[in-house]
Amino acid sequence: MIDFEIDPQTQKRIELFHTVAEQMMRPISREYDEREHDKPWDFLNAMWAASTAPGGDPMGGGDASGQGAAKMRNVYTVATTEELCWGDAGLFLSIPNAGLGGAAVMAAGTAEQKQRFLAPFRGGKPKWGAMAITEPGCGSDSAAVTTTATRDGDHWVLNGNKIFCTSGWMAVEKSEGFVVVWATVDKSAGRPGIKPFVVEHGTPGMSVARLEKKLGIRVSDTAALVFDNCRVPAGHLLGSAEVKRDGGGFKDVMATFDATRPIVAAMAIGVGRAALDFVRGFLAEQKVEIRYGLSPRRLSAVERDFMEMEVQLKAARLLTWRAAWMLDMGMRNSLEASMAKAKAGLAVTLITQKAVELLGPLGYSRRNLVEKWMRDAKINDIFEGTQQINMIIVARRILEYSSKELN
Amino acid sequence: MLSFDLSEEQQMIRDTVGAFARERIRPAARAADESGEIPAALVAQAWQLGLVQGPIPESLGGNGDTRLATTGAIIAEELAYGDLAIAAHVLAPRLVAFPVLEMGTDEQRQRHLKRFTGATFAAASAALMEPRWDFDPQAMTTVARRDGNGFVLDGAKCMVALAGASDTLLVWAASANYDRVDGFLLARDIPGLRVGEREKNMGLKALETFSLEFQGCRVGAEARLGGEGGADFTRAMSQSRVAMAAMGVGVAHAAFDYARDYAKERKAFGVPIATKQAVAFMLADMAIEIDAARLLVWEAAWHLDRGEDAHRESYLARNYVAASALKVADNAVQVLGGHGYIREHPVEMWLRNARGFSALEGLATV
């Protein structure tokens, strides 16, 4: 039966997270955007304490350490992610948790590996997990990674450069975290030869080369990592070392994007809603009424713009909820996850740009957060698969084409 | 609890109505568009689906089915996937039956619903739109002035489907001081009402539509839908917008399916054009817009089914569909290129039909 009501348990968490967003994130939003890589430790410690307390939830994107309380875990994750990103998307990305590294462990690791690598995230000091897949020469084309892993006795030796590693600095230098590094064990094998390795903080041979200076989400660190004869124990290769020519392992891991893409879509929606709410409040103050129901030919340009922002955001949210719900129902959702991601990334990019435009010089000014939200929003159109990559995935699915037939 | 599943009953209805749209309506669509006529046999077959008489109580001769806006949206989308004009024709009697069912007095239900429970199609329709560029349901210019026990109607309506054949019309008109809108149930042949010539439209060419002119048209107090208390016009508009938007999704879906299949067949430079990103991305965008539009429609319908106000939701969904259905239909013509412009293919018809959604209101309800 069609139903758009979020379950009461998740609804309660949404309300709690809204308070967190409003009272803990918004007040420091501007300051840490300007300070860039300086971290708001009070906030991060508080979030860590809340998530590791009994009954707490891991807050933040991509976390899959299995603590989610709700029955519909993916719906829960997208709904709460939207709330926290309404507060601040950069701060959301900075929250200590296993992050995308955790998602990779969950997707590719054995039961023993999941326990070993994720248990530290349930207590102690704040920790970060990160994932390193992108390289200077390959982004969306993740099958083209050149970082190598060579077997040497009981170890793998990693060599190569990784960029755009979200929270890589926190995982490597600022906490007892880890990075999941994607490297090829057999270049001639192509995709199936690419394997994930857990590299723990402080492992010799792994270093942070630089932190990127970005358009937005500035409080979140984006690290460039260098692996120079970096040795990790054999047991740090997630899953099986066997190279399956049918594509096996790598395909499974790409399937983790089916779960993480709706989360990024939800991040976008949170930022878009922040901008929409701000504009709504502003127009109300200015006594500009939004007249729903009126003939579109009698609406002012501002009303039309606002309504377009509102409905586009809603459309993106419904697509996102659907993608998350399908996962909770055990359905394959690659098509719907990519639809949600492509739609949300673009919609929110346009919504936040329009918000700046509608407020004129007040939108452009750094006195308000609208310009920041526009800068923050754009990343959602890019990371976890650019809009274009997601469009290709959608196109392949609806046309029933392989990646060879449509590329 | 969040769910995007149709109920078993809804799946059954979707499958039945969808099959009828594909197997019966679609094959008749082009000829109907060209001739301006819908075969009576087809309308009679559609009547057998029970889409109008279904929710009418058994005591009045109907099937006593539960009436849901979500189900109505599914039906409207499926039928419009076959053809918009034929869908609007076969669903038009709902424009009288459903408001009377939900908002009418007992006496009105007794008097007006029985005609929809017979074995043959009972033409009926509502008059909402007015021949003005900025027609606005919230600022209607057709006025019902109180006169003794009854009302006197003055004004003009347009795009009234099946008005030439309808025994009963539901006419929406503003009160003299414009503070409310009421529906009036009246016979087509009463004094003061003139049914104009059949209109000629850009699309929906198979759907007979007419203009109406009211000059001192006197009706009794019993004509007012809902009696003394009147009817909930805002809710009726929301229901209508959900239905129209659902039809827009159906038209867009039809155009998308056709363009996708064509793009996989048609070769250029030795390969199917669908393997070119320029075309594939258009199709991907169309697919995303259709799904987004459908979800917006369902959400508005779901609010209605909970008895909630869906004014904003249905309005936004309707506006979204009006834009996206047009864009999808236009893309479909573009994917077919020159062939899309030729009337041998249906996409140009769907473009003409889709163009209507931003201009038209009140041609269907859930």
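User: How much of chain A is buried in this model?

Analyst: A residue is called buried when 20 or more other C-beta atoms lie within 10 Å of its own. In this predicted model, buried residues account for 54% of the 407 residues in chain A, while in chain B 55% of the 366 residues count as buried.

User: Which residue could show me how that rule is applied, and is Ile269(A) buried or exposed?

Analyst: Ile269(A), which lies in helix α9 of chain A, has 32 C-beta neighbours inside 10 Å and therefore counts as buried. Once its neighbours within four places in sequence are left aside, Ile269(A) is in contact with Glu82(A), Leu313(A), Ala316(A), Arg317(A), Thr320(A), Ala344(A) and Val348(A). For a sense of distance, Ile269(A) and Lys174(A) are 95 residues apart in sequence, and their C-alpha atoms are 30 Å apart in space.

User: How should I read the overall dimensions of chain A, and what is its radius of gyration?

Analyst: The radius of gyration is compared with the value expected for a compact globule of 407 residues, which would be near 22 Å; chain A has 21 Å, so the two agree. Along the principal axes, the C-alpha atoms of chain A fill a box of roughly 75 × 50 × 40 Å, and the secondary structure of the chain consists of 14 helices and seven strands. Among its contacts between residues at least 6 apart in sequence, 76% join residues at least 24 apart.

User: What do the corresponding values look like for chain B?

Analyst: For chain B, with 366 residues, the globule value would be near 21 Å, and the chain has 20 Å, which agrees. Its C-alpha trace spans about 75 × 45 × 40 Å along the principal axes, and the chain has eleven helices and nine strands. Of the contacts in chain B between residues at least 6 apart in sequence, 75% join residues at least 24 apart.

User: How is the packing of two helices described, and at what angle do α9(A) and α10(A) pack?

Analyst: Two packed helices are described by the angle between their axes and by the distance between those axes. Helix α9 (residues 256-285) of chain A packs against α10(A) at an angle of about 155°, with the axes 9 Å apart. Angles over 145 degrees count as roughly antiparallel, and α9(A) and α10(A) are therefore roughly antiparallel to each other. Their crossing is left-handed, and the residues that make the contact include Ile269(A) and Leu276(A) of α9(A) together with Leu313(A) and Thr320(A) of α10(A). By class, the residues of this contact divide into 15 nonpolar, two polar and four charged.

User: Which pair of helices in chain B can I read in the same manner?

Analyst: Helix α3 (residues 69-82) and helix α7 (residues 233-265) of chain B pack at an angle of about 35°, with their axes 7 Å apart, and α3(B) passes α7(B) in a right-handed crossing. Among the residues making this contact are Ala73(B) and Leu79(B) of α3(B), as well as Val242(B) and Met247(B) of α7(B). The contact has 13 nonpolar, four polar and two charged residues.

User: How many residues of chain A are in contact with chain B, and which helix supplies the largest share of that side of chain A?

Analyst: In this model, 37 residues of chain A are in contact with 37 residues of chain B. On the side of chain A that touches chain B, α10 (301-328), α11 (334-358) and α14 (387-399) each supply at least two residues, and the largest share, ten residues, comes from α10(A). By class, this side of chain A has 25 nonpolar, two polar and ten charged residues.

Terms used. Residues numbered from 1 in each chain as written. Chains lettered and ligands numbered in written order. Predicted model: local features only at pLDDT ≥ 70, side-chain atom pairs only at ≥ 80, totals over all residues. Contact = placed C-beta atoms within 7 Å. Helix = DSSP H or I, 4+ residues; strand = E, 2+ residues; numbered from the N terminus. Nonpolar A, V, L, I, M, F, W, Y, C, P; charged D, E, K, R; others polar. Axes fitted to C-alpha atoms, helices over the stretch in contact; angles between N-to-C directions. Parallel < 35°, antiparallel > 145°, perpendicular 65-115°, else oblique. Left-handed = near helix turned anticlockwise from the far one by under 90°. Rg over C-alpha atoms; globule rule 2.2 N^0.38 Å. Buried ≥ 20, exposed ≤ 12 C-beta atoms within 10 Å, placed from the backbone.
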